[in-house]
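Thank you all for coming; I would like to take you through one model this morning, beginning with the DNA and then turning to the protein interior. Please have the sequence and the structure open as I talk.

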Amino acid sequence: MSLPYNPENKESIIQYAKTLRGKTLRQVCDVDLIKNNRKGKGHFGQILEEFFFQYKPNSGSEPDFPIAKLELKSSPLKTLKHSKFQSKERLVLNIINYLEIVNQDFENSTFWKKNAHILLVFYLHVQDADILDYIIKIVDDWSFPKADLEIIKQDWEFIKQKIASGKAHELSEGDTFYLGACTKGATSTTTRKQPFNEIPAKQRAFSLKQGYVNHIIASISNGNDGIYGKLIPNLAVLKTKSLDEIVLEKFVPYYNKTANQIIDELGINLNKNAKHFLANLTKSILGVALDKEIEEFEKAGITLKTIRVNKKGSIKECISFSSFKYTELVTEIWEDSDFKNTIESKFLFVFFEIQDNNYVFQKVKFWNMPHDDIPEAKKVWEHTRNIVNSGNIVKEIMPDGKKATNFMGKTQNRVSHVRPHAQNSADTTPLPVADKLTKANEYTKYSFWLNNTYIKDEVYLK
DNA sequence: GCATGATCATGC
DNA sequence: GCATGATCATGC
C-alpha cells in the first residue's frame, strides 16, 4: 500500500504533518479501525502514528522515521488568557536505559540519535473530551538552538554521572535545567536495574521541562519578541561553566554589601519603596532589564524569590504564590495540579539581611523541594480542596468583621499553609459550592504559601 | 513574637 | 482590573 508521503524524506513527512493543522484525529483517521480502548494518556500519539502516518508504533532506539532521522512527538496544550498557548506538561522523550547510558557519549547517545530533530504535533487539551476531538493547533519540526543544546548536553552529562555514581535511584527532575529525568511507567513503582548499585531505580525518561516546551511553542509561533532578557550572552561561556555556576558567579562581587552599595556599583536607579525592590535589585545583578523575563529561568522553570532575613536569623515573611481559583482547584488532580507543579520547580533563593534601613546581600542558593516534603505539601492541597468542595471555608465571623477560615494554617503543617492573597477582602473569585456559613457564592482570593520557618530550616540554614 | 487576615505598589 | 511580588496590622 502506498503512503500519502515519503517516509524517507524529511520535507515530505513535515509537509504531510502540517496538513493536520486545525483538524482532529476523527477528521484525518479512519475512525472505524480505531478500537474503543484507546482513550487514555499516550493514545493520541499511538493513533497518530498508526492511523495518520500509517506505521506501527515502535519503541526502539531509532527515531520514528529512521531514514529521515525524524522523531514524532505529540503533546497537549492549554490556553492562557490573551488566548496564548502553553504546554500542559513536560514533553516526555525516550526512556533512560541506565545500563547503556554509562557507556555513551552525548554525540552517540540514544537520546541524541533519537531526538536531534523532532516533529512536533501540539493539540489543545479539553477536559473530559474524546481524544479524537482534540484540535491540532501547532505542527512544526524542531531542532535545538546551539546555546540551548549546550545546556541540554550539560543536563545529559549530569544525569549520566549520577547513574555512573550508583545513584540512579536518587535522580530527580529538579537536578537539571532544560532536560529532566522524569518518572515514567504504568505506576510510579515501575523500576529498572542500575549498573553500579543493587537498589532498583524508578524507571525514568528524558523530558523537556514544561517551561522549555513553552519556549518552543512561542518561538514556533514567533511570540517571543522582546519579552526576554538573556543571562548568557554568548555560547563560549557555556563551554566551561554550567548554568548554575554562571548564575551564582554573578553574585560573587556583592556578598555582604548593602543594597545601596550594590545600586551604586551597578550604576542603576531603583525605586526603594516598591515591594519588589529586592527582586529588581536581583534582576539588575543578573544583568537582565527590569521589564524583561529571564529567558533561561523561564525555559528551566526556575522561580526566583528574594528573602528578607531578620537580624536574629528568622525569615521575615512567608512566601506566596499566585492566588488560586476555587473552581479550578476542585477539578484538579494532584499529579497535574498547579501547586505540585510550582513546588516541584527549581527555585533560586536570594537572601538579604535587614540592617537598620538597608539590606545586606548574604546568600544565594538554587533549591528544589526534597522528595519527602512533597507529600506534606500535598496534605495542604487536599485539605484545601476538601474545604472548598464541602462549602466549609468560613469558620467564624469575628466581631471586627474579619473572617476566620478552616483552611490549613501555618501551625498545622511543617511546609505550607493557605492564606489570603488579594487586593483586599472584596477581591473575590467564584466558589464551586456556596459557603455554608456566609451563603456566599464567591470568596476572597487565597493562595498556597511556603512557611517561613520551613524556608529557614530547609533552605537558609542548610 | 508569632500566626493569620488583610492589604500594598507597581506595571501592564 | 488584575497579576506579581511582596509587606502590613492586629489579637493572642
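Which atom of DNA strand C is 3.0 Å from an N or O atom in the side chain of serine 320? It is a base nitrogen of that strand. Before going further, I should say that this is a predicted model, in which local features need pLDDT of at least 70 and side-chain atom pairs count only at pLDDT 80 or more, while totals for chains, interfaces and linings use all residues. Residues are numbered from 1 along each chain as its sequence is written, chains are lettered from A and ligands numbered from 1 in the order in which they are written, and side-chain values use heavy atoms, with hydrogens and water left out.

Glutamine 423 also has a side-chain N or O atom placed 3.1 Å from a base nitrogen of strand C, and for glutamate 317 a polar side-chain atom lies 3.4 Å from a base nitrogen. Altogether 16 residues surround this strand, each having a heavy atom within 4 Å of it, and the closest include Thr306 and Arg308. Of the strand's atoms within 4 Å of the protein, 49% belong to sugar or phosphate, and the rest to bases.

Turning to the interior, leucine 348 touches, among others, Val247, Phe251, Phe297 and Phe366, leaving aside residues up to four places away in sequence; touching here is a contact, with heavy atoms within 4.5 Å.

Key:
A polar contact is a pair of N or O atoms within 3.5 Å; within protein, one must be able to donate a hydrogen and the other to accept it, and residues adjacent in sequence count only if both atoms are side-chain atoms.
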